[in-house]
Amino acid sequence: MNQIVTLDEFIIRRQNDFQYATGELTGLLRDIGVAAKIINREVNKAGLLNILGTAQTSSNASGDTVQKLDLYANEKLIDCLKNSGECCGIASEENEDFIPIEGITGKQGKYIVVFDPLDGSSNIDVNVSVGTIFGIYRRKSKATATVELNDFLQTGAELVAAGYVLYGTSTLLVYSTGNGVNGFTLDPTIGEFCLSHQNIQIPKRGNYYSVNQGYYLKFDVEMRRYIDNCCDENLRLRYIGSMVSDIHRILFQGGIFLYPNTRKYPLGKLRLLYECNPLSFIVEQAGGKAMNCQLKRILDLPISQLHQKATIAIGSPAMVDDMKTFVERYSLPASINEHV
Ligand code: P6P
């Protein structure tokens, strides 16, 4: 039987990978792992508890409907990170503003953590997989000062670590500190995340494309031409409506995920800080590409608001390059785009 390597052991063994003190990262990832285990426990029995359905506060800062389990997951992540001693501030999809976190025994944390506590939560009531997305930055402000907005308005390229937890047929934590991507499966019999997918590499090309085809007529012409090409190439459409799940499949089997601009979401729907950037960091670390529909690298996009939205095309490098070719070939001046 292969030797079990837990998440903590893996981080300690790979301590040279992380440019800062390993103990700090270990603490942060352990706390995120603890929150994930607690969330996993509730996600797995949500149907038995009164935590299905829509929360009283019916929508969040981005206008999304908030599920009861969203709020539960949000609270658990905040509680676990508050106790870590390494985190000085949090930004969450579920909170309008960032949350400063006081140091423990006077020692201010050096990191800020951004997260979507339960992405794809509209699927919870129908038992479809959902996920937690997180990103970790070093604070920019002085260690002794209270965290400030600029600590959060860093590009994705400045992430020091990012990852996601997928609550699916098994519970998987996938993360990177900038030296490759590794996956850990939760073994409920011992309550540990154990190394199960080492050095994940995204296939150069795949047979899947993932987009909400229902918006096809609302996409710009160049995106419609690329989607037509995916159909012409007999690619298979897989779209769960849970970004973590859709991108997880692409990370392992290859493909491309698209959320272009539409008339309803002219700047895109997905949030740059705690959805697009962390997942783009992971996909790039696995050899993939991620750009917006204006062909700018996601991780380089300037960010000026916590809940800023972005369009995204992410996945296998050869397929993102194909998309880029179609956009360059078919994009029209904005003035006439609406009438095509
Ligand atoms: P649509 C879930 O609400 C989410 O934020 C992502 O997880 C998912 O990819 C997207 O929105 C689905 O949006 O407009 O296709 O329902």
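How many residues surround the ligand, and which are the closest? The model is predicted. In it, 14 residues surround the ligand. The closest are D119, Y215, Y239, M243 and Y259.

Start with the polar contacts. Y215 has a side-chain N or O atom 2.7 Å from an oxygen atom of the ligand. D119 places a polar side-chain atom 2.8 Å from a ligand oxygen. For K269, an N or O atom of the side chain lies 2.9 Å from an oxygen atom of the ligand. These pairs count as polar contacts because each falls within the 3.5 Å cut-off. The protein also covers much of the ligand's surface. Alone, the ligand would expose 400 Å². The protein buries 85% of that area.

Next, look at where the shell comes from. Two elements each give two or more residues to it: β13, residues 256-259, and β14, residues 270-271. By residue class, the shell holds 6 nonpolar, 4 polar and 4 charged residues.

Now follow M243, one of the closest residues to the ligand, into helix α5. This helix spans residues 243-253. Is α5 mostly covered or mostly open? It is mostly covered, with 9 of its 11 residues buried. Buried here means under 20% relative accessible area, with the protein chains only as cover. M243 itself is among the buried residues. So are V244, S245, D246, I247, H248, R249, I250 and L251. The buried set thus includes the charged residues D246 and R249.

Finally, step past the end of the helix. Just after α5 comes G254, with a positive phi of about 85 degrees.

Conventions. Residues numbered from 1 in each chain as written. Predicted model: local features only at pLDDT ≥ 70, side-chain atom pairs only at ≥ 80, totals over all residues. Heavy atoms only, no water. Near = heavy atom within 4 Å. Polar contact = N/O pair within 3.5 Å; in protein donor to acceptor, adjacent residues only side chain to side chain. Areas by Shrake-Rupley, 256 points an atom, 1.4 Å probe, with all protein chains shown as cover. Helix = DSSP H or I, 4+ residues; strand = E, 2+ residues; numbered from the N terminus. Buried < 20%, exposed > 50% of the residue type's maximum accessible area, 1.4 Å probe, protein only.
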